[in-house]
Amino acid sequence: MSSESSSEHYSKYSSLGLSHIDSTGEAHMVDVGYKTPSFRMATAESTISLNREAYDSVVKNTASKGAVLTVAKIAGIQGAKRTSSLIPLCHQINLNKVDITFTFSDSQKESPSISGMVLNSLQHSNPCLESVTKDISSEGAPTETNPTRFQLHIKCTVSCNAVTGVEMEALVGASIAALTVYDMCKALDKSAVISNTRLLRKEGGKSGSFSVE
């Protein structure tokens, strides 16, 4: 059995950069009062997979609850602004901007049936739609164990001039937008899956830049 004391044990975690844990193992809010404000930016994403009926209702803007993407965008912005109320140790930050975009990916293999003119029309009627992409490879084809294959990719980019970063604000914004899509579409697809919520990139701060690419 280790003879290491509890204070030594938690000091190791603190020294590893887990700044929300002090030397006694207690959670605490980090003091950022000594820092100089600087530009911070972060982008996060979340993906929701829908069945064909729900997917079509979002793309064609025919969902019974209304404009899914518009409501999801507003919810994501609101969520990002309220991050400090949801995540206990986050600081309250005055944000410069919250931008949420949507990209559809339809991996079903099928003959082209939607012309560029129709896609442009869909984008015009659904202004939140960034792009519609169709992957006509056999990957992602429907199976009994994978019937849901129509994905909506959500990106949330947040920026500010502050003493701490906005990674959590970007993650919360993307997550709340995805949850809102689920709420708007659950009558058509209760088995919709939210996945791959992650930070894509960040800029600014002591740790510098980060990107998954």
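## The nonpolar core

In this predicted model, the largest nonpolar core, meaning a set of buried Ala, Val, Leu, Ile, Met, Phe, Trp, Tyr and Cys residues joined through side-chain atoms within 4.5 Å, has 36 residues. Within this core, Leu50, Leu152, Ile154 and Val181 are the residues with the most contacts. Buried here stands for under 20% relative accessible area, exposed for over 50%, and partly exposed for what lies in between, using a 1.4 Å probe and protein chains only. In soluble globular proteins, nonpolar side chains tend to be buried together.

Two or more core residues come from each of S1, H2, helix H3 (68–81), strand S2 (95–106), strand S4 (150–162) and helix H6 (167–185), and H6 gives the most, with eight residues. These elements are DSSP runs numbered from the N terminus, with helices (H or I) of at least four residues and strands (E) of at least two. Val181 is in contact (heavy atoms within 4.5 Å) with Ile48, Val68, Ala72, Leu152 and Ile154, once its neighbours within four places in sequence are left aside.

## A buried arginine

Arg40 lies in strand S1, which covers residues 38–50. Arg40 is buried but has no salt bridge, and the nearest side chain of opposite charge, that of Glu167, is 6.3 Å away. For this purpose Lys and Arg count as positive and Asp and Glu as negative, while His and the chain ends are not counted; a salt bridge is a side-chain nitrogen of Lys or Arg within 4 Å of a carboxyl oxygen of Asp or Glu.

What Arg40 does have is a polar contact of 3.1 Å between its side chain and that of Ser38, and its side chain also reaches the backbone oxygen of Val163 at 3.1 Å. A polar contact is a pair of N or O atoms within 3.5 Å, where, within protein, one must be able to donate a hydrogen and the other to accept it, and residues adjacent in sequence count only if both atoms are side-chain atoms. Not counting residues up to four places away in sequence, Arg40 touches several residues, including Val158, Cys160, Val166 and Glu203.

## Salt bridges

The count of salt bridges comes to five. One of them joins Asp56 and Arg52, whose closest N and O atoms are 2.9 Å apart; the two residues are four apart in helix H2 (residues 52–59), so about one helical turn separates them. Asp56 counts as partly exposed at 22% relative accessibility, and Arg52 likewise counts as partly exposed at 29%.

Lys186 and Asp183 meet in a salt bridge with an N to O distance of 2.6 Å, Lys186 being partly exposed at 30% and Asp183 partly exposed at 33%. Arg201 forms a salt bridge with Glu203, with the closest N and O atoms 2.4 Å apart; Arg201 is partly exposed at 34% relative accessibility, as is Glu203 at 28%. Through salt bridges that share partners, Lys65, Asp183 and Lys186 form one network.

## Confidence and conventions

The pLDDT, the predictor's confidence in each residue from 0 to 100, averages 78 for the protein, and 67% of the residues score at least 70. Over residues 1–14 the pLDDT is below 50, and this stretch has eleven contacts in the model beyond near neighbours in sequence. The pLDDT is also below 50 over residues 109–122, a stretch with nine contacts beyond near neighbours in sequence.

Residues are numbered from 1 along each chain as its sequence is written, and side-chain values use heavy atoms, with hydrogens and water left out. Local features need a pLDDT of at least 70 and side-chain atom pairs count only at pLDDT 80 or more, whereas totals for chains, interfaces and linings use all residues.
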